[in-house]
Amino acid sequence: MKSRHILLGTIAAVALGAGAATAEGIKVGMITTLSGGGAGLGIDVRDGFNLALKRAGATDVEVIVEDDQQKPDVAVQIADKMIQSDQVDVLTGIIWSNLAMAVVPAAVAQGKFYLSPNAGPSALAGAGCNQNYFNVAWQNDNLHEAAGAYANSAGYKNSFMLAPNYPAGTDAITGYKRFYEGAAAGEVYTQLGQTDYAVEIGQIRASGADSVFFFLPGGMGIAFMKQYAESGVDIPLIGPAFSFDQNILQAVGDAALGVRNTSQWNKDLDNEANTAFVEAFQAEYGRLPSLYASQGYDTANLLLSAKAKADVADQDAFRAALEAADFASTRGEFRFGPNHHPIQDIYVREVVKEGDIYTNKLVGVALEDRGDAYAEECKM
């Protein structure tokens, strides 16, 4: 397994705050998925993170990137090497919740900071929270809770629910049901990485459902959406952004048009930081950014905001600087709750086509200032 060390050069140095503390350099270990069906997610997190460092001219932040191959045992091996041999100060990058559960508890127990740009399992938001663990994306349930709230407003009364059988999948259906007020036409957990959904689509067809809530990120979502469109089943789909994100939409095509989905971010959010991010990402990589890219970008900017105020070696001061979340988020207003998970608005989006590109546009707000359901269980 090869490591890739990235020391970013100065492109457009920006001040990180007048009178800020002078901090030593930081070494970051990024464990993410760069191969297989989930590669697009990890690539976008990596690219968003690196773009933020490049735009800030952060020449004293070293990033070591390795591919976890979407395998928990590989992720654990990489984390051990990064902590013990590479002596990283901060870990980040994990996409999948089962990998986060395998890596994060041991990493923070060894005194390392972990900044999550994606996975937010309930176990790490509640009783398993830790003072050195920060989630910069969401708690897993959040976007699904918003989908449940949207289903109510759309008048759906009998939803069929579908998600893969791993921590984020169970959190997804739990979150949807927390806000959804109707009946369940069915509740099915599929295999993680599954690509054939003929059986599940048959169950949906026979269920009498008036809507289908599904959470199938990466290649799973592409396979399901294509097969669903080919099946002729015309029951409306709803879900979180993960199943309708930028990269997935290009692969799915017209089958996704008009579908409503929920997200804490979109490219047309009207704030200065987001506008600059979208333009810079397109200029740097020649494609529209995804939800995952925005989360990687925000994670890097959170890190830089803390670095501007404190040395990472002073853990108490660095932790306090992270908690302050003093950075310009692509989401606009951003703050942490008591369990180091975001409190933020979650929106409803609709899949549209702009020229030859499939993308999303904002159509409303599903939940305002939403924290998460597990914060009260966190005893930091």
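The legends below describe close-up views of a predicted model.

**View 1. Two domains, each built from two stretches of the chain.** The domain assignment gives domain 1 as 2-138 + 270-340. Domain 2 is assigned as 142-263 + 346-376. The C-alpha centres of domain 1 and domain 2 are 27 Å apart. Domain 1 brings 22 residues to the contact, and domain 2 brings 23 residues.

**View 2. The area buried between domain 1 and domain 2.** About 1,700 Å² is buried between domain 1 and domain 2. Carbon and sulfur atoms give 61% of that area. Polar contacts are counted here too: six residue pairs, with both residues at pLDDT 80 or more.

**View 3. The side of domain 1 that touches domain 2.** Four elements give two or more residues to this side: α1 (39-56), α3 (97-109), α4 (122-125) and α11 (291-307). Helix α1 supplies the largest share, three residues. By class, this side of domain 1 has 10 nonpolar and 10 polar residues. Two charged residues complete the list.

**View 4. The salt bridge of Arg335 and Asp369.** How many salt bridges are counted between domain 1 and domain 2? The count is one. The side chains of Arg335 and Asp369 form a salt bridge, with N to O at 3.9 Å. The pair qualifies because the cut-off is 4 Å. Side chains of opposite charge can pair when their charged atoms come close.

**View 5. The salt bridge of Lys54 and Glu284.** The model has 19 salt bridges by the rule used. One of them joins Lys54 and Glu284, whose closest N and O atoms are 2.7 Å apart. Lys54 sits in helix α1, and Glu284 sits in helix α10 (residues 272-285). The two residues belong to parts 230 residues apart in sequence, so their pairing ties those parts together.

**View 6. The span annotated in UniProt.** An unreviewed UniProt entry lists residues 26-355 as "domain: Leucine-binding protein". The end C-alpha atoms of residues 26-355 are 42 Å apart. Helix makes up 44% of this span, and strand 20%.

Notes. Residues numbered from 1 in each chain as written. Predicted model: local features only at pLDDT ≥ 70, side-chain atom pairs only at ≥ 80, totals over all residues. Heavy atoms only, no water. Domains from an automatic or database assignment. Contact = heavy atoms within 4.5 Å. Buried area = accessible area lost by both parts, 1.4 Å probe. Polar contact = N/O pair within 3.5 Å; in protein donor to acceptor, adjacent residues only side chain to side chain. Nonpolar A, V, L, I, M, F, W, Y, C, P; charged D, E, K, R; others polar. UniProt positions renumbered as here; feature names shortened; annotations may be inferred.
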